[in-house]
Amino acid sequence: MTRKSKMAKSDDKIEIENVNAPGLITRVDRMKYSAMRKALLEVMPEGAPQNIGP
C-alpha cells in the first residue's frame, strides 16, 4: 500500500530572514507562513509600541 505525501512541493516555499540573526535565511511553507502572519497581525496593536516601563 502506497501513501501519498501531503507535504508541500518545493515551489510552495518562501524564504524568510530571521530578525534575531540577520543573514539567516530559512525556507518555509508559504501557506502556513501566510496564515500565521495574518493571525499575528490581527492581534497586534496598531502603531508604535508604547513604553510601559518605569
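Helices (H or I, at least four residues) and strands (E, at least two) are DSSP runs, numbered from the N terminus. The model is predicted: local features need pLDDT of at least 70, side-chain atom pairs count only at pLDDT 80 or more, and totals for chains, interfaces and linings use all residues. Residues are numbered from 1 along each chain as its sequence is written, and side-chain values use heavy atoms, with hydrogens and water left out.

**Exercise 1.** State which secondary structure elements the protein chain has, and in what order.

Solution.
- Count: the chain has two strands and one helix.
- Order: along the sequence the pattern reads β-β-α.
- Confidence: pLDDT is the predictor's confidence in each residue, from 0 to 100. The chain averages 82, and 80% of the residues score at least 70.

**Exercise 2.** Determine what percentage of the protein chain's residues count as buried, and how much area the chain exposes.

Solution.
- Buried means under 20% relative accessible area, exposed over 50%, partly exposed in between (1.4 Å probe, protein chains only). Of the 54 residues, 6% are buried.
- Accessible areas come from the Shrake-Rupley method with a 1.4 Å probe; for residues, only the protein chains shown count as cover. The chain exposes about 5800 Å², of which carbon and sulfur atoms supply 57%.

**Exercise 3.** Locate D12, classify its exposure and list its contacts.

Solution.
- Location: D12 lies in the segment before β1 (13-17).
- Exposure: D12 counts as partly exposed because its relative accessibility is 36%.
- Contacts (heavy atoms within 4.5 Å): leaving out residues up to four places away in sequence, D12 touches V28, D29 and R30.
- Distance: R27 is 15 residues from D12 in sequence and 9.7 Å from D12 in space, C-alpha to C-alpha.
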